[in-house]
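I opened the notebook today to go through one structure piece by piece. Here is what I looked up, in the order I looked it up.

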Amino acid sequence: MTRWVFVADLNRCVGCQTCTAACKHRNATAPGVMWRKVLDMEVGEFPEVRRTFVPTGCHHCENPPCMHVCPTTATKQRDDGIITIDYDLCIGCMYCSVACPYQARYKVDIVNNAYGLTKMANEVARDEENLPRKAVAQKCTFCADRIDYGLENGLTPGVDPDATPACVNSCIAGALHMGNIEDPKSNVSVMVEENETFLMHEELGTKPGFYYIWDRKHDADEDTAEGGEE
Amino acid sequence: MDAESGKDVKKVPTYCYNCVAGPDFMKVKVVDGVATEVEGNFDFVEDTPSAGRVCVKPFGLIQKAYNPNRVLTPMKRTNPKKGKDQKPGWVPISWDEALDTVAGKVKEAIAAGPRDSAGYPRIACSFGGGGTPTYYMGTLPAYLSTLGPLDFSFGSGQGVKCYHSEHLYGEFWHRAFTVAPDTPNCNYVLSFGYNVDASGGVCGVKRHADARGRGAKRVQIEPHLSISSGTASEWVPIKAKTDPAFMFALIHVMLHEQRDKLDIPFLKDRTNSPYLIAPNGYYLREKSTKKPLVWDLASEKAVPFDTKGIDVALEGSFATTGWEMGPDDDEWDHDTPVKCQTSFQALCDHMKKFTPLWASRICEIHQKVIRRIAIEFVSEACVGQTIEIEGRTLPYRPVAVALGKTVNSGWGGYECCWSRTLMAVLLGALEVPGGTLGTTVRLNRPATSRQASVTMHPDGFMEYPMNATDKENWLAEPDVRNANRTLVPLGANSPWSVALGPTHLAWMQQEKGPDHWPQATPPDVWFVFRTNPAVSFWDTEQVSKVMAKFPFTVAFAYTDDETNHMADILLPDCTDIEATQLIRVGGTKFIEQFWDKQGFALRQPTIEPVGDAKDMTWITTELAKRTGKLEGYNNAVNRGAHGVPLSGEGYDFSLDITKEHEVDEIWDATCRAASAEITGGEETDGLDWFKEHGLRLKPFSKIDWYLEAELQDQGIRWELPYQERLVRTGKQLGRRLHEKGISWWDEQLEEYEAFPEWKDLPQIWDDAIERNYDVDIKDFPFWLMTSRSMQYNWGSNASLQMIREVASNIQGHGGVIMNTKKAEELGLEEGDWLEIRSPVNATRGHLLTKHGIRPDTLLMIGQFDHWATPYAKEFGAPSMNALIPMLLDLTDATGSSCDLTKVKITKLGGSS
């Protein structure tokens, strides 16, 4: 069995958005569309404040609410857990977008250029990738084409760059990983086994395929910054 | 050719050096001649500290190349009037006309004599980005070397937006133009505003993430919760510009509560701690040899510091005879015994008053936090332990102190740099595995090796190429417009020295020179490359007005911008992914770039140049030819002025100096010479080889990360804690200036102290502002600061849509950040439109409320003060650059100040 999942180590992420940019390059998403992004979150009140950077996007849920509400069966789940959208079937109703608790989905009715009316050479070159996504739901594909290419060529997704999603490849902090959670010896299984993790909005029962490593001791160690005048 | 798509698809290796924390290596995917994607170069995962990855910035390079707002043909100005309110009236011209016009002006300047009536070079140049433009300017340095004296005085950020004091004091104390923790081996870092996770590059980010992964701790001490505070194990919200007080208290605890845990043998044998201090504050010396004396406990007498087999006293006072050497020819014979303290004893006495309780009242951090941190720092230092590096045993001290911008520049910079270095010295943690390291030299020579720059001074320390302050050799008449050699002895006289300034002095002098100083002249010709001081400096209104008066400015132009708005000729050079250059990589370089490899990397055209943009090497060669400097230029290339000498032992790829050479011909010879150099002459692969492989590396010894090994080998001591040489230098400089009637540098002279005293730094700002602008400082209740952002720092990315898009995920871009409760107290709400006013100027922006900032502090990330740069001028974001007072009063002895001012805010439509 295979289920591809992401693992983000929040103790390592610095919010640099390199993964966000790499995703935009790889997938030629339109201006304003970020299938992968890193949230900048603040918790607490001065001076007891924490700031954490949280990569997110489609969580490729095992129990995906987006798929359940799709009236046209455009949203599907592959055997390996990846949630897909068939752009030919999608009617752009965006029920899925409302249902997704991760705000992972976008819809672009008019594909804007980066600079107004002028379409740059790189935008022209990638029109054929972008146009099928016009006026329909779109989101992270898990770079399924790379995974499939890698498997066809004897490569290991999550290990070999040519078989690995662009966001994971690009991560400069070594925070973002992917692999097969069903394989107990895989990179991601070992990480999940050896670290404290959580799933975002786990209580909603979506069974997301996106694990966050977060050392709760880090949170509890509050004998630290003490502001205020002597 | 891709079989499935039928398209010509290739991935072209090249480098990114957009920031000083580079280079990183990448591949550009090109489909049918169009660049479409950037990705890391995974061929070098094991060989580079960035693991073959690049940060977010180079993902903007494709937009940078195809940006429709680019200047794509040479332009000439048709409106003779210059100014922010004047339209340049650009008219496209041919390259021939543009180059002939520039060459004509250069020839005129040369013909008029190398220096003008004021004694300043007629030709000036400004480059931006902490030296990174060098990696994009092709052979321009070879051409410039043929033009006689040049003035690099006009700064574009140096001194106020760099680690300025660190550059000078760092080089002085440990050959450290930039300083970094030995992060791969360090377990405890005290970071005073060092925002490594935004500005440390891929290497810095990865190494610090790895360190966190193995349990290392970083305590981040700064007024706001920066990116790096977010990733730190602890944030300590210190009051702005009080860092020296915090550090003094740490040293107090180390000396007076933890003394037995310090590295006592190291202090005795490897520092000036045992040197005896005579009554006038200089070392007690043996008159015949002039050698400093130490107290030998065995013989109970003072002996020269390098006497073998002695048991030196670290602490105490001793009555003894000797000789004392002061500034100039001052000397004192102490024929009868005088009481002399050891340097260490004097230090202990000096630091006694700086208790954690004292510091807590200044820093507004509880004294128990300060004490705990000091104790943690000592206990993590592993004093007494050793580690083997490549077969050599060195001390192992996994603790370090890192300083950020504004902490290590301007007033207080000396105190912080001294404290940081001293804290390492007290534990034997300077330049050893795990400790505080220097990573590059720029003022000492040779620039290629920190080790090779080390020689012994007669006093037992490293020599330093101080600018002379004695009567005979002091440069009384400045030879450049920022007078660096005249005013800043520590600035030395390397090719980098002028750019360290005080660079603002060059701008200030154009308006009105200081007393007893010749009125400065504008340069006849000003070259501007990859810099935009009209918005990136301090008091940018004043800087813009000055540059508008320059008679002839040549700007290598990407788009219209605020500086080239004042230019006469625009020359569109290629962007990063359109041109060729070979550079040295690896070894030890800026920030945390210390590698176990070194070699060469190629930047190559991944696409044809857009429009009529030209490779810098082509432009430069044409200028050399048209100004009659071709032979000198070719000679300079052969010497390696562009980065690599073309001949060496057993190989010679020198160019015919009488001929004009194509771009590829020059770089092919350069690649061949580089191949020969790195392989000891065995390989001579040229440009085609580098185009295919991208880079060529060989091992670099990790021993060379640690300067302690070299000092041990040469028997040299670290020049700490006592600063006798600085005091003498300062005294002599003061005498020279006073002999000329100059008293406007007197406050700077006070910085030359044997041990730094606490100066009320916040009060210095308040007083300077009140004195110069006739305001009541109480009307300006907030400190305004800035912080780096990885998306924008260096890189010239403000005009790129994609960068702005992804940067929007990080809070603070585009607004002014205020403490949430403070905003509530003032009746302000998120999104309110505010005017932020300093006594100098005002800016406007939306309010962003955060808990992670002190209530007395405001923060503006990025500096988007653009009014001409397409796209960026539409941001409507506030910028602090126009608000920062550019004053001598706020300039320290190294010639720098801080990105810092006091401001008030007004909710537009009503006061708050």
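My entries follow, from the chain contact to sheets, core and helices.

**Entry 1: the chains together.** A reminder to myself before anything else: this is a predicted model. I began with how the chains meet, and found 50 residues of chain A in contact with 60 residues of chain B. On the chain A side, I asked which elements give two or more residues. They are α1 (18-27), β2 (37-45), β3 (48-56), α4 (121-125) and α7 (166-170) of chain A. I then sorted that side of chain A by class, which gave 21 nonpolar, 17 polar and 12 charged residues.

**Entry 2: a sheet in chain A.** Next I traced an open sheet of four strands, with the order β8-β1-β10-β9 (chain A) and mixed pairing. At its edges stand β8 (176-180) and β9 (197-199) of chain A; each has a single partner strand, so one side of each is left without a neighbour in the sheet. Ignoring direction, I get an average turn of 30° between neighbouring strands of this sheet. Inside the sheet, β1 (residues 4-9) and β10 (residues 210-213) of chain A run parallel and are joined by four bridges. I noted one pair there: A:D9 has A:I213 in β10(A) as its bridge partner. I also checked what lies across these strands, and found helix α8 (residues 187-194) of chain A over β1, β8, β9 and β10 of chain A. This helix runs at about 110° to β8(A).

**Entry 3: a sheet in chain B.** Over in chain B, three strands form an open sheet in the order β1-β2-β3 (chain B), and the pairing is antiparallel. The edge strands, β1 (9-16) and β3 (34-40) of chain B, each pair on one side only. I counted eight bridges between β1(B) and β2 (residues 24-31) of chain B. For an example, I picked B:K11, whose bridge partner in β2(B) is B:K29.

**Entry 4: a hairpin.** Further along chain B, I looked at β18 (residues 386-389) and β19 (residues 392-395), which pair in the antiparallel sense over four bridges. They form a hairpin with two residues between them. In the turn, B:E390 has a positive phi of about 50°. B:I389 has B:R392 in β19(B) as its bridge partner.

**Entry 5: the nonpolar core.** Which residues of the largest nonpolar core touch the most other members? Out of 349 residues, they are B:F246, B:L250, B:M254, B:L276 and B:L784. Helix α8 (residues 243-256) of chain B gives the most to this core, with 10 residues. I followed B:M254 outward: leaving out residues up to four places away in sequence, B:M254 touches B:L262, B:A374, B:V378, B:M423 and B:L426.

**Entry 6: an enclosed helix.** Why is α16(B) largely enclosed by the rest of the structure? Eight of its nine residues are buried, so the surroundings largely enclose it. Among the buried residues are B:H504, B:L505 and B:M508. The buried residues of α16(B) pack against α15 (497-500) and α18 of chain B.

I then took the α18 contact by itself. Helices α16 (residues 503-511) and α18 (residues 540-547) of chain B pack at an angle of about 65°, with their axes 9 Å apart. The crossing is left-handed. I list B:W507, B:Q510 and B:E511 from α16(B), and B:Q542, B:V543 and B:V546 from α18(B), as the residues that make the contact. These divide into three nonpolar, two polar and one charged.

Key:
Residues are numbered from 1 along each chain as its sequence is written. Chains are lettered from A and ligands numbered from 1 in the order in which they are written. This is a predicted model: local features need pLDDT of at least 70, side-chain atom pairs count only at pLDDT 80 or more; totals for chains, interfaces and linings use all residues. Axes are lines fitted to C-alpha atoms, for helices over the stretch in contact, and angles run from 0 to 180 degrees between N-to-C directions. A crossing is left-handed if the near helix is turned anticlockwise from the far one by less than a right angle, and right-handed if clockwise. Two residues are in contact if their C-beta atoms, placed from the backbone, lie within 7 Å. Ala, Val, Leu, Ile, Met, Phe, Trp, Tyr, Cys and Pro count as nonpolar, Asp, Glu, Lys and Arg as charged, and the others, Gly among them, as polar. A nonpolar core is a set of buried Ala, Val, Leu, Ile, Met, Phe, Trp, Tyr and Cys residues joined through C-beta atoms within 7 Å. A residue is buried if 20 or more other C-beta atoms lie within 10 Å of its own, exposed if 12 or fewer, and partly exposed in between; C-beta atoms are placed from the backbone. Two strands pair if DSSP finds at least two bridges between them.
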